2 protein chains.
Amino acid sequence: MGYKSDIEIAREAKKRPIQEIGEKRGISNDDLLPYGHDKAKVSQKFIDSVQGNKNGKLILVTAINPTPAGEGKTTTTVGLGDGLNRIGKKATVCIREASLGPNFGMKGGAAGGGYAQVVPMEDMNLHFTGDFHAITSAHSLLSAMLDNHIYWGNEQNIDTRRVVWRRVVDMNDRSLRQITSSLGGVSNGFAREDGFDITVASEVMAILCLSKNLKDLEERLGSMIVAYRRDRSPVFCRDIKAEGAMTVLLKDAMQPNLVQTLENNPAFVHGGPFANIAHGCNSVIATTTALKISDYVVTEAGFGADLGAEKFMNIKCRKAGLAPDCVVIVATVRAMKMNGGVAKADLGAENVDAVKAGCPNLGRHIENVKSFGVPVVVAINHFVTDTEAEIEAVKTFVANHGAEAVLSRHWELGSEGSEPLARKVVEVAEAGNANFAPLYPDDMPLFQKIETIAKRIYRADEVLADQKIRSQLKEWEAQGYGHLPVCMAKTQYSFTTDPNRRGAPTGHSVPVREVRLSAGAGFVVVVCGEIMTMPGLPSKPAAETIRLNDDGQIEGLF
Amino acid sequence: MGYKSDIEIAREAKKRPIQEIGEKRGISNDDLLPYGHDKAKVSQKFIDSVQGNKNGKLILVTAINPTPAGEGKTTTTVGLGDGLNRIGKKATVCIREASLGPNFGMKGGAAGGGYAQVVPMEDMNLHFTGDFHAITSAHSLLSAMLDNHIYWGNEQNIDTRRVVWRRVVDMNDRSLRQITSSLGGVSNGFAREDGFDITVASEVMAILCLSKNLKDLEERLGSMIVAYRRDRSPVFCRDIKAEGAMTVLLKDAMQPNLVQTLENNPAFVHGGPFANIAHGCNSVIATTTALKISDYVVTEAGFGADLGAEKFMNIKCRKAGLAPDCVVIVATVRAMKMNGGVAKADLGAENVDAVKAGCPNLGRHIENVKSFGVPVVVAINHFVTDTEAEIEAVKTFVANHGAEAVLSRHWELGSEGSEPLARKVVEVAEAGNANFAPLYPDDMPLFQKIETIAKRIYRADEVLADQKIRSQLKEWEAQGYGHLPVCMAKTQYSFTTDPNRRGAPTGHSVPVREVRLSAGAGFVVVVCGEIMTMPGLPSKPAAETIRLNDDGQIEGLF
């Protein structure tokens, strides 16, 4: 067909100087801290200066459960942003930053795809503006100070068997998952078991993304639990006196990063917490700042709506006082077919029955999102192999579920292709029918919060948890953590905890394997299945073929 | 006396936009990659474009053996640069970047001091332009790929007991000095002993600082030895296929960073290798680029002249084809007194005899530097407590050693104070008497190179090395590494290997404890004493009091 690859399109982008992009939202040159000519951070002074503004409309882009067919959530987020700008709305896209490490395992990803991308793509897959390095540094500083505290006398009486603060590195390195540290005798400390996670799994990342400002950041960092004493009382980061220096290391990382779409519209790309053990959304400071300077802010959440949108609503919106005006659920004909039982190899052939059979997964997500009081638009992210009849089948199904589906061709055509979606979103958002409320109140007991999500979002019959887990939740409630929301860590591929159960299953159970307290980020992580916080590299890592060619271009990364 | 602190002076700096600083050396806005408004990287395109230019004069600033009294080598480097600009020379300062980690142990340092500083000081002590993070990432990628290679079948037959590639982190973390990794069973790999050094000790750092361009960088990275097989044959980085991706991670870090002095003169701050297990100079690419666009380039080398200047001459100049036109040896009256036996507490009182007694240390350095065929100027870095008689004693001593000493008051007065030094340096450099040659030829056997340095620079009688070390050197010669220079790792406090022997001792022995091959950087490290490659934090780390105050200023870092 002769379609260009994402990287080819990205490299042909006619980028404008980042100062011009800032100007579009009233950010002056002085308030932009440039990183090269196409990236910049927005100054705190500017952020402070717009606090009196009215908020624009907030649009969340989420999706059905991901399938190997690909849904194109970020692509749709970017395409919708460009479409809104095309019809005269000042729209700003807010998405997450990519983690560096995984790009060396599998090929790195674009931010978006086709003609709906955010650039500069290479930088965004490498060091970008250094935010993740700053997070790694801040995390590592606390690690070093903690062991240093033990080394010099352990005034806090830390039980070295109960250090819960693991180390991090932004690299896929399975050999660091489990280590013994402080070996080698007296001058190296007290030997203990330890291990590394990947940086995006750091609680520091989640905190950076949930903090309103630097004061809030410092306060939350101080509240992290790093270890327990023999009497089981928690040792906080502030007991180690690390939160001030960590904040200094994070002061630039806290400022949102401004880049541009292929159509030279502003995009904030900031923060990237895990979407399982954390909440999986871009930073609160980016979203709230964008709302102050835009008619529309288009943002996305990780994974499918059962995880991503749920956490966006129950964690990010709750904490930051945000309320979405409209939610776009991205679906594709191909993904509907996979949900309807078609194998990936057979997705090219028309199969209207399979599309219909797969639609209930989408239907469930529509119902769930509406239960938060927010109106839904379904975006059918167009693939060139989609047939009229297949598209019609999705539209009909959605219409029968009290929403409207719009075909969007931003991947192929940019904003020209997403204009219909943009018009529909404006119509729905400006009707003012949103009446957002989180799914559960703060004061509901923790276990009941888990049950609420499991039953109302996953449609499970029950939550299974042994006494140890229930007691742990009670203990945290007694310690004053009962008001926190819960952060579910389960497979993204199914409403159940079994990744192979597609569609819209009911009658299943949700077994809770473990609960963890992220006291600084401010949520209780509920682990329902195998959660990997340090990926490994494959047998032929992408890194083996990544190189600079003679023109100084990066090969093999995409 | 009411003198302002370095940080107070730095914060009062009237910085000019970095584009203006670039313009002073013909670097256009397009060729500057800004990092904020006061830092920028210089594009490769610009560097390529100036290759046809004539070189300016190269001035090395070195010092006597460091004492607790402080010598002010960087301060003098910056002051001399400003002084040269003051008298109408286009002078560019080239110094090293600071490592982030150690700032959280002891208070961080300025780049220079008083009215001879490079700014922005805070950034330069924190993430700066991310170079060291890029080095950490590149190093960590190779670490991960190496263990991944073993995990997936170990095609290279690496002997896991002989992995010599340690990990790095830019933090003082003694608990990581010695670890066991890959614990936890099948999915985490083959357990082995491992450990972390601080990032500046990485061979990647030394390579970045010695590479002429990105091609050279990639080639050198590929040549690093990461492990040995059971048959003792080396496994190279290129056997793991990591050098291409590492180069991609380092492509921005390779570009020199431009900042400014307090007097708005250009300074390149780039690279920061250890001065013991590596060569301790700023990057070749910064120095060679600065030479193409300046009348004068003022650079410095680590520690005293016995280590720093020797390595600058025998490693950096040899490899990069550089030849200094004049060497400035920094001395202070206070340091002369300490060399003459005065305790730090008693430095305030005039003591001409002690000054005279300490001068032979300076005399030895003058002789050594002159033996490279380069003329010497001694800079007496003025302290307000110095008396006329003490200063005169130093001047007389230096005059009797075939050089001239100039009192320089840049710390107190900026370029007004360093103008006499600048004029003297110009006089000496423009006389054209320099006739630089390294101390030993490439084809001298490795052990003889060690002896040459020990006898001619340290004035030792002999080098002690057991048969194992001598055989190792022979083996490397047989493998084709005999042409490499040697990189001495010994105490910086003395000409001998005993840090307590000040002055100008003779008749001592230099015991070689260990030799290491840095095959990518291109030198053989000769370890003569205890070398620490991962510092620890003190019992009250500076980090405990580092914080942002309500004005957003950093407290406790300086």
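How much area do chain B and chain A bury between them? About 5,600 Å², with 63% of it on carbon and sulfur atoms. The model is predicted.

**Stop 1: the interface.** Select chain B and chain A together. Here 67 residues of chain B are in contact with 66 residues of chain A. On the chain B side, pick B:Arg174, B:Val248 and B:Leu548, which lose the most area to chain A. Together they make up 11% of what that side buries.

**Stop 2: polar links.** Show the side chains of A:Lys215 and B:Asp550. They meet in a salt bridge, 3.5 Å from N to O. The count between chain B and chain A is four salt bridges. Polar contacts across this interface join 33 residue pairs.

**Stop 3: the chain B side.** Color by element. Those giving two or more residues include helix 6 (131-151), helix 9 (243-250) and strand 25 (547-548) of chain B. Helix 6 of chain B gives the most, eleven residues. By class, this side has 31 nonpolar, 22 polar and 14 charged residues.

**Stop 4: a sheet in chain A.** Select strands 21, 24 and 23 of chain A. They form an open, mixed sheet in the order 21-24-23. Strand 21 (486-489) and strand 23 (514-518) each have a single partner strand, so one side of each lacks a neighbour in the sheet. The twist averages 25 degrees from one strand to the next. Strand 21 runs parallel to strand 24 (523-527), joined by four bridges. Zoom in on A:Met488, which stands opposite A:Val526.

**Stop 5: helices on the sheet.** Add helix 17 (446-456) of chain A. Helix 17 lies across strands 21 and 24, at about 50 degrees to strand 21. Then add helix 18 (467-481) of chain A, which touches strands 23 and 24. Its direction makes about 15 degrees with that of strand 23.

Methods. Residues numbered from 1 in each chain as written. Chains lettered and ligands numbered in written order. Predicted model: local features only at pLDDT ≥ 70, side-chain atom pairs only at ≥ 80, totals over all residues. Heavy atoms only, no water. Pairing = 2+ DSSP bridges. Axes fitted to C-alpha atoms, helices over the stretch in contact; angles between N-to-C directions. Contact = heavy atoms within 4.5 Å. Buried area = accessible area lost by both parts, 1.4 Å probe. Polar contact = N/O pair within 3.5 Å; in protein donor to acceptor, adjacent residues only side chain to side chain. Nonpolar A, V, L, I, M, F, W, Y, C, P; charged D, E, K, R; others polar.
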